[in-house]
Structures are given as C-alpha cells and as structure tokens.
Amino acid sequence: MPIRLLDADSAAKIAAGEVVERPASAAKELIENAIDAGATDIRVDLRDGGLSLLRVVDNGCGIPSDELGLAFERHATSKIGSIDDLATVATLGFRGEALPSIAAVAQVSLASRAEGAASGCHMQVHGGQIVEQGSAGCPPGTSVSVRELFFNTPARRKFLKTPLAEGGQVTRVVGQFALAYPGIGFSLTADGKTVFQSSGRGQLLDVVARLYGPEVARGMLPVELSGADPGPSGRAAAETASLVVRGCVSQPSLSRSSRAQLSLFVNGRCIQARGLLHAIEEAYASLLMVGRHPLAVLHLSLDPSLLDVNVHPAKAEVKFANERAVASRLHQAVHAAVARYAPV
Ligand code: ADP
Ligand code: MG
C-alpha cells in the first residue's frame with residue numbers, strides 16, 4: 001500500500017487506543033480530571049462493569065459553558081500553556097487527550113456547572129461527533145457518562161473481559177485513588193449496589209481499613225521521612241533534598257503472595273516502578289519469607305522538576321532525575337519503620 005494519511009475518524013480511534021483500553025482506563029482518566037478540578041467528593045457508578053455505563057460525578061470547579069466545546073478537542077487543556085510548563089505541572093492531566101479519546105470510542109454525555117455560574121451546560125458526543133449541546137440545570141461540578149464503550153470499535157470490544165472482571169479493575173482503580181487521596185471522599189456503585197466508599201476525612205489508615213480490612217489497618221507501621229540522606233552530599237543529596245516519603249507498610253508478619261497491595265504514589269500519581277518496589281521489599285531483608293510481599297501505601301513527594309511525567313501513554317510510569325537516590329531513601333524510610341517494630 002502506498003503511504004497515505006489516515007482519515008480523521010481512523011486517526012482518532014487509533015489515538016484513543018493509547019489512552020482507553022478498558023473501562024478502568026477511562027475511569028482513571030475521568031477521576032484524574034475530577035481531582036484536577038479540586039473535587040472533594042467523587043462518585044463512580046457502573047453498569048455491567050462499566051461496559052454499558054461508566055459515570056463519574058464530581059463537585060469540582062466545573063467547566064465554563066463557553067469552554068465546553070473545546071474540552072472534547074484533541075490537545076485542548078486548561079492545565080499547561082506550553083511544553084515548558086511540564087517541568088512544574090502539578091495536575092494529573094496535561095495532554096488534553098482523555099475526553100476526545102473516550103468520546104471517539106463511546107457515547108459520552110457531559111454536564112457541568114462552573115463555580116459561580118448561574119446555570120450549567122451539557123454536551124453529547126457519540127463516536128467523536130457532537131450530537132447535542134446546550135444549557136442545562138445541573139449542580140455545581142461535572143458529571144461524565146460513558147455509555148457503550150467501544151460500540152464503534154468491535155476489535156477493541158472483543159478484548160474486553162466479563163463485566164465482573166472489568167468492574168473489578170475499576171474497583172481497583174477507585175481504591176488506588178482513595179489511597180492516594182484520603183482527603184477526597186470516593187464512592188463506587190455497581191449496578192446500584194455500593195461496592196466501596198471512603199470518608200474523605202483525610203486518614204490514610206481509614207482508607208486502608210475500608211479497602212483491606214481493619215485487621216490489616218491495625219498491622220500497618222507508619223513511615224515518615226523527609227529530605228536527603230544527611231550523610232553524603234553532592235548530586236544525590238540535591239536530587240532528594242525535596243523528597244518526602246509518608247504512608248504505611250505492613251508488619252513483617254503480615255504479607256501477601258503478590259505485589260497487588262503495594263501502592264506507590266509520586267506527587268499524587270499512582271505509578272509502577274519496579275526499582276522502587278524492590279527497594280521497599282529489600283528493606284524487610286530476611287524478615288519476609290521467599291515469595292511473600294509486604295503491603296504498603298507510600299506517598300512520595302518530590303520537586304516536580306526532578307520528574308518526567310510524560311514518558312508513558314497512560315501516565316503509569318514516571319522518570320526520575322535520580323531514581324537510585326530516591327530508591328535508597330525509600331529503602332531507608334521503610335527500613336526505619338520495620339526496624340522500630342522488629343529490632344534485630
Ligand atoms: P487534560 O486533563 O489532559 O487537560 P482532558 O481531555 O482530560 O485533558 O480534559 C480536557 C479539559 O477539560 C481539561 O483540561 C479541563 O479543563 C476540562 N475538564 C475535563 N474534565 C473536567 C472535570 N471533571 N471538571 C472540570 N474540568 C474538566
Ligand atoms: Mg485529563
């Protein structure tokens with residue numbers, strides 16, 4: 001075949017593939033938007049595991065009526081003005097791709113009322129086409145309903161699992177956000193039944209108890225460390241001077257057969273980082289049996305200029321200026337918590 005430009009519809013669906021793989025990935029993007037909007041209360045509702053409906057309702061700042069049209073345009077964002085802002089970005093989103101991507105492969109309706117606005121606005125986009133738009137009476141905040149995900153991309157739909165499995169993944173995503181943001185109240189319902197709820201009162205252990213049970217919450221050890229290692233100076237010290245590690249890890253007697261309950265957040269993002277997970281486990285040394293893994297919820301915060309958050313399509317990984325130095329401090333933080341509990 002000769003080289004040709006793809007038509008806009010195909011291009012949009014292909015681009016969407018990077019962002020939206022399943023209901024859980026759409027849920028992640030919509031929850032990120034709600035958090036970026038300053039919401040303190042985020043409600044997620046599912047029908048059929050999110051396959052027929054995924055709705056995220058927030059009480060955040062809302063979208064002004066005159067900006068709503070832009071929200072569904074690719075590369076339209078209120079979060080950065082140019083690439084230079086990425087070095088200091090404090091929001092979870094910045095690419096302006098989530099809403100257009102989701103709307104390219106589903107039937108999306110969005111209703112929103114901006115802070116201080118007398119009335120709200122709504123818009124429906126089906127497979128990338130605006131089918132309805134107007135003003136609406138709605139409470140302050142934003143509600144996004146995603147119906148019939150992949151209705152126009154059967155190849156994608158084929159790869160979805162059962163509603164139960166897909167719903168389970170959404171549940172996991174909501175749980176991770178609740179751990180990352182104990183100050184935000186989350187609730188999740190599936191087919192009308194409440195599956196998960198967090199109070200939003202700001203206590204991490206409350207969320208741990210909700211998610212993993214009160215026994216686990218009682219078996220967690222607090223972790224708290226800030227700044228660089230007081231010993232060596234130089235580059236590693238400069239690159240960890242702003243580091244704060246906070247959260248909790250399990251007592252050595254409390255462990256799991258997988259890493260599923262090891263959660264790591266960097267500047268509020270849930271990230272996968274093998275090197276850092278390894279550093280956490282290493283801190284237990286011989287206290288854990290082979291094949292066992294601790295539970296952990298660790299929040300790292302770091303000067304954003306020491307992170308590249310734009311290295312992964314789903315933003316599930318970040319690149320550190322000095323991952324080794326961060327891993328070393330993380331190791332020390334966890335080791336201190338464990339040693340305090342079980343001195344050797
Ligand atoms: P990004 O989050 O990368 O900016 P999105 O496509 O997710 O891109 O959203 C586009 C824009 O729409 C956002 O920059 C924001 O201004 C607005 N927006 C989306 N969701 C919400 C929400 N729940 N509350 C307020 N504004 C929102
Ligand atoms: Mg976004």
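This passage describes the overall fold and the salt bridges of a predicted model.

The secondary structure of the protein consists of 11 helices and 15 strands. With a radius of gyration of 21 Å, close to the 20 Å that the globule rule gives for 344 residues, the protein is as compact as a globular protein of that length. Along the principal axes, the C-alpha atoms fill a box of roughly 65 × 50 × 45 Å. Of the 344 residues, 49% count as buried, and the protein exposes about 16,600 Å², 54% of which is supplied by carbon and sulfur atoms. Among contacts with a separation of 6 or more, 70% come from residues 24 or more positions apart.

Turning to charge, the protein carries 33 positive and 33 negative charges, whose mean positions lie 7 Å apart. A search of the whole structure finds 13 salt bridges. One of these joins the side chains of K13 and D9, at 3.3 Å from N to O. Both residues belong to helix 1 (residues 8–19) and sit 4 residues apart, about one turn of the helix. K13 is partly exposed, at 23% relative accessible area, and so is D9, at 36%.

Other salt bridges link distant parts of the chain. R55 pairs with D45, their closest N and O atoms being 3.7 Å apart; this pair ties strand 2 (residues 53–58) to strand 1 (residues 41–47), across 10 residues. Here R55 counts as partly exposed at 23% relative accessibility, whereas D45 counts as buried at 12%. R74 and E97 also meet in a salt bridge, at 3.9 Å from N to O. These two residues, 23 positions apart, lie in the loop between helix 3 (68–71) and helix 4 (98–104), and R74 is partly exposed, with a relative accessible area of 24%. Finally, K28, E29, E32 and K315 are linked in a network of salt bridges.

Terms used
Residues are numbered from 1 along each chain as its sequence is written. Chains are lettered from A and ligands numbered from 1 in the order in which they are written. This is a predicted model: local features need pLDDT of at least 70, side-chain atom pairs count only at pLDDT 80 or more; totals for chains, interfaces and linings use all residues. Side-chain values use heavy atoms; hydrogens and water are left out. The radius of gyration is taken over C-alpha atoms; the globule rule is 2.2 Å times the number of residues to the power 0.38. Buried means under 20% relative accessible area, exposed over 50%, partly exposed in between (1.4 Å probe, protein chains only). Contact means heavy atoms within 4.5 Å. Accessible areas come from the Shrake-Rupley method with a 1.4 Å probe; for residues, only the protein chains shown count as cover. Lys and Arg count as positive and Asp and Glu as negative; His and the chain ends are not counted. The place of a charge is taken as NZ of Lys, CZ of Arg, CG of Asp or CD of Glu. A salt bridge is a side-chain nitrogen of Lys or Arg within 4 Å of a carboxyl oxygen of Asp or Glu.
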